[in-house]
Amino acid sequence: MTLAAISPLTRADLPWLERILDRPNLAETLFGEHLDPFHIKVDESAFLLGNRLGDTAYLSYIYVSEGKRRKGIGGQLVAHFVEESRGAGLRRVLVSGETGK
């Protein structure tokens with residue numbers, strides 16, 4: 001398995017992110033001043049949305065496009081999220097959400 005290059009997801013990614021999620025105007029939801037966002041991506045085919053609050057990291061959404069699934073990319077995103085959270089001194093990771101289509 002080839003390791004994916006993971007990088008931060010930023011406001012510049014909002015146009016394609018809003019298209020994939022079919023949700024316009026995500027800037028405040030994802031990058032509001034009251035948040036400590038920790039969003040990461042491989043590219044438009046795979047990303048993870050999370051936040052940090054206190055000593056906890058919250059993983060709220062993970063997406064891998066249909067053509068990229070079953071290749072370990074989602075697992076790499078989660079592992080990166082957990083390792084970076086540990087490195088930041090966070091004590092736990094909470095996952096919330098539901099299964100997609």
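Which residues form a nonpolar patch on the surface? In this predicted model, local features need pLDDT of at least 70 and side-chain atom pairs count only at pLDDT 80 or more, while totals for chains, interfaces and linings use all residues. Residues are numbered from 1 along each chain as its sequence is written, and side-chain values use heavy atoms, with hydrogens and water left out.

The patch consists of Leu53, Tyr58 and Leu94, which together offer about 280 Å² of accessible area (Shrake-Rupley method, 1.4 Å probe, with only the protein chains shown counting as cover for residues). Patch members have over 30% relative accessible area and no salt bridge; nonpolar side chains (Val, Leu, Ile, Met, Phe, Trp, Tyr) are joined within 5 Å, and like charges within 9 Å. A salt bridge here is a side-chain nitrogen of Lys or Arg within 4 Å of a carboxyl oxygen of Asp or Glu. Leu53 lies in strand 3, residues 46-53, and is exposed at 59% relative accessible area (exposed is over 50%, buried under 20%, partly exposed in between; 1.4 Å probe, protein chains only).

Turning to the whole chain, three helices and five strands are found (DSSP runs numbered from the N terminus: H or I of at least four residues, E of at least two). Their order from the N terminus is β-α-α-β-β-β-α-β. The radius of gyration is 13 Å, close to the 13 Å from the globule rule for 101 residues, so the chain is as compact as a globular protein of that length (C-alpha atoms; the rule is 2.2 Å times the number of residues to the power 0.38). Buried residues make up 34% of the 101.
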